[in-house]
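User: I am new to reading protein models. Can you take me through this one step by step?

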Amino acid sequence: IDEAKVRADLQAIYDKGVRCLAICLVHSYTFPRHELVVADIARELGFEQISISSQLSPQIKAVPRATSASADAYLNPVLGAYLQGFFK
């Protein structure tokens, strides 16, 4: 993994205002280390929600893992805001 390239790409995404990230790499069902490296870099840059496919859905098929990670990244902030409002 080219960490400098990942950092530059994530910084460009962050600079556009994106704060939620879904990470899904093809072979992460058996080798999740690269997804974890990407997540660590994203945390350093300030991403607020980071969803890692290998942790959410450790299965072989990449599309279901990507779908799960994308839904998690999208819905967690929305549901969190809703619950905060509810409890206030």
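Analyst: Start with a definition: two strands pair if DSSP finds at least two bridges between them. Keep in mind that this is a predicted model.

User: In which sense do strands E1 and E2 pair, and over how many bridges?

Analyst: E1 covers residues 20-23 and E2 covers residues 49-52. Pairing needs at least two bridges. These strands pair in the parallel sense, over four bridges.

User: What is the hand of the crossover from E1 to E2?

Analyst: The chain leaves E1 and passes through helix H2, residues 33-45. It then enters E2, giving a β-α-β crossover. Its hand is right-handed.

User: In what order do the elements of the protein run?

Analyst: The protein has four helices and two strands. Read them from the N terminus on. The order is α-β-α-β-α-α.

User: Which side chains of E1 point to the buried face?

Analyst: In a regular strand the side chains alternate between the two faces of the sheet. E1 shows this alternation. Cys20 and Ala22 point to one face and are not buried. The buried side chains, on the other face, are Leu21 and Ile23.

User: Which residue is the bridge partner of Ala22 in E2?

Analyst: Ala22 belongs to the E1 face that is not buried. Its partner lies in strand E2. That partner is Ser51.

User: Is Ser51 buried or exposed?

Analyst: Buried means under 20% relative accessible area. Ser51 has 1% relative accessibility, so Ser51 counts as buried.

User: How long is the polar contact between the side chains of Ser51 and Gln49?

Analyst: A polar contact has its N or O atoms within 3.5 Å. The side chains of Ser51 and Gln49 meet that cut-off, with a contact of 3.1 Å.

User: How far apart are the C-alpha atoms of Ser70 and Ser51?

Analyst: Ser70 lies in helix H4, while Ser51 lies in strand E2. Along the chain they are 19 residues apart. Their C-alpha atoms are separated by 7.4 Å.

User: Which residue forms a salt bridge with Asp9?

Analyst: Side chains of opposite charge can pair when their charged atoms come close. The closest N and O atoms in this pair are 3.0 Å apart. Both residues lie in helix H1, four residues apart, about one turn of the helix. The partner of Asp9 is Lys5.

User: Which parts does the salt bridge between Glu44 and Arg7 tie together?

Analyst: The closest N and O atoms of Glu44 and Arg7 are 2.9 Å apart. Glu44 lies in helix H2 and Arg7 in helix H1, so the pair ties together parts 37 residues apart in sequence. Those parts are H2 and H1.

User: Are Glu35 and Arg65 buried or exposed?

Analyst: Glu35 forms a salt bridge with Arg65, with the closest N and O atoms 3.9 Å apart. Glu35 lies in helix H2 and Arg65 in helix H4, so the pair ties together parts 30 residues apart in sequence. Glu35 has a relative accessible area of 0%, and is buried. Arg65 also has 0% relative accessibility, so Arg65 counts as buried.

User: Which residues make the nonpolar surface patch of about 410 Å²?

Analyst: One member, Tyr74, sits in helix H4, residues 62-87. At 59% relative accessibility, Tyr74 counts as exposed. The patch is made by Tyr74, Leu75, Val78 and Leu79.

Notes. Residues numbered from 1 in each chain as written. Predicted model: local features only at pLDDT ≥ 70, side-chain atom pairs only at ≥ 80, totals over all residues. Heavy atoms only, no water. Patch = residues over 30% accessible without salt bridge, like charges linked within 9 Å, V, L, I, M, F, W, Y side chains within 5 Å. Areas by Shrake-Rupley, 256 points an atom, 1.4 Å probe, with all protein chains shown as cover. Salt bridge = Lys/Arg side-chain N within 4 Å of Asp/Glu carboxyl O. Buried < 20%, exposed > 50% of the residue type's maximum accessible area, 1.4 Å probe, protein only. Right-handed = clockwise from strand over helix to strand, strands pointing away. Polar contact = N/O pair within 3.5 Å; in protein donor to acceptor, adjacent residues only side chain to side chain.
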